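Reader: Please take one part of this model and look at it closely. I want cut-offs with every term.

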Amino acid sequence: AAGRTVHPDDTIVKVGDVNIGSGTFTVIAGPCSVETREQITMVADSVKKSGAVILRGGAFKPRTSPYAFQGLGKEGLDYLESAKEAVNIPIISEVMNQTQIPLFENVDIIQIGARNMQNFDLLKEVGKLKKPILLKRGLCNTIEEFLMSAEYIMASGNENVILCERGIRTFETATRNTLDLGAVALLKEKTHLPILVDPSHAVGIRSLVPPLAKAALAVGADGIMVEVHNNPAKALCDGAQSLDLDQFDHLMQDIKKRVVLE
Ligand code: PEP
Ligand code: MN
């Protein structure tokens with residue numbers, strides 16, 4: 001179970017050499033979407049040099065508009081896997097439904113997106129795997145509902161759950177969402193599961209990503225997941241919130257002054 005009362009010690013989720021939730025600060029970085037083999041490999045190489053330990057890249061994209069870029073699908077996962085091999089870095093990508101699960105065999109962490117947080121059938125299916133699952137908080141879901149969704153995965157047999165606060169919908173429209181840092185602090189009390197923050201989807205504005213990334217560190221998150229693109233102006237998805245390679249490197253220098261990275 002996810003609660004601290006039954007399981008007081010912090011859960012450490014192992015991904016290769018990375019121990020998420022062990023008291024270090026885990027940085028996941030990469031583009032919103034995998035676009036080409038060259039793009040994902042180049043971003044992988046750069047973010048790893050800057051200190052990221054896991055590479056993100058969406059292949060199946062949950063877009064608001066059916067006319068927006070939907071991701072490269074299986075081809076995107078192939079490119080992501082080739083970047084994993086070329087650069088030697090674990091990878092994370094979002095699964096959108098049960099039928100896609102077999103395609104994720106070589107993906108190190110399966111991401112359940114905000115829009116699927118209460119897709120209970122999908123939660124049960126990923127619960128049958130041994131692979132780490134990163135569960136993002138739904139756009140309008142309470143902390144209790146978030147924990148219950150984690151519980152679904154664990155109840156099906158998979159204890160390797162990582163929570164991710166990615167901003168919630170409020171009355172405020174000046175930022176894409178409202179980053180609920182209070183939820184991170186409360187979750188650290190309520191659950192032994194590791195919790196990451198996604199400042200990119202939370203705020204939606206590039207210049208505000210570094211301050212929120214540092215706020216995540218200060219509030220006690222176990223790490224962050226940040227969108228980074230080689231050319232944000234040309235990104236096929238979420239360019240406005242993506243850091244370029246130099247901006248990400250600067251953020252990492254700043255974070256490294258404050259913590260021991262893993
Ligand atoms: C993502 O991380 O690629 C994503 C789509 O985020 P969210 O599910 O939080 O909107
Ligand atoms: Mn995105």
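Author: What follows covers the whole chain briefly, then one strand, one helix and the ligand shell.

This is a predicted model, where local features need pLDDT of at least 70, side-chain atom pairs count only at pLDDT 80 or more, and totals for chains, interfaces and linings use all residues. Residues are numbered from 1 along each chain as its sequence is written, while chains are lettered from A and ligands numbered from 1 in the order in which they are written.

The frame comes before the detail. The protein chain holds eight helices and 10 strands. Both are DSSP runs numbered from the N terminus: helices are H or I with at least four residues, strands are E with at least two. Of the 262 residues, 49% count as buried. Buried means that 20 or more other C-beta atoms, placed from the backbone, lie within 10 Å of the residue's own.

Now strand E6, residues 109-112. In a regular strand, side chains alternate between the two faces of the sheet. Both faces of E6 are covered. Ile109 and Gln111 are buried on one side, Ile110 and Ile112 on the other.

E6 has partners. Strand E5 (residues 91-94) runs parallel to E6, joined by three bridges. Strands pair if DSSP finds at least two bridges between them. Glu94 stands opposite Gln111 in E6. E7 also pairs with E6 in the parallel sense, over three bridges. There, Ile112 stands opposite Leu135.

E7 (133-136) leads on to helix H4: the buried residues of H4 pack against E7, helix H3 (120-126), strand E8 (161-165) and helix H5 (181-190). Contact here means C-beta atoms, placed from the backbone, within 7 Å. The buried residues of H4 are Phe146, Leu147, Ser149, Ala150, Tyr152, Ile153 and Met154. H4 spans residues 143-155, and its end C-alpha atoms are 18 Å apart, which agrees with the 18 Å expected for 13 residues at 1.5 Å a residue. That expectation is 1.5 Å times one less than the number of residues. Gly157 follows H4, with a positive phi near 120°.

Last, the ligand. Glu94 is also one of the residues around ligand 1. The others are Cys32, Gly58, Pro62, Gly113, Ala114, Arg115, Lys136, Arg166, Asp198 and His201. A residue is near a molecule if its C-beta atom, placed from the backbone, lies within 6 Å of it. The shell divides into three nonpolar, three polar and five charged residues. Ala, Val, Leu, Ile, Met, Phe, Trp, Tyr, Cys and Pro count as nonpolar, Asp, Glu, Lys and Arg as charged, and the others, Gly among them, as polar.

How values were computed:
A residue is buried if 20 or more other C-beta atoms lie within 10 Å of its own, exposed if 12 or fewer, and partly exposed in between; C-beta atoms are placed from the backbone. Two residues are in contact if their C-beta atoms, placed from the backbone, lie within 7 Å.
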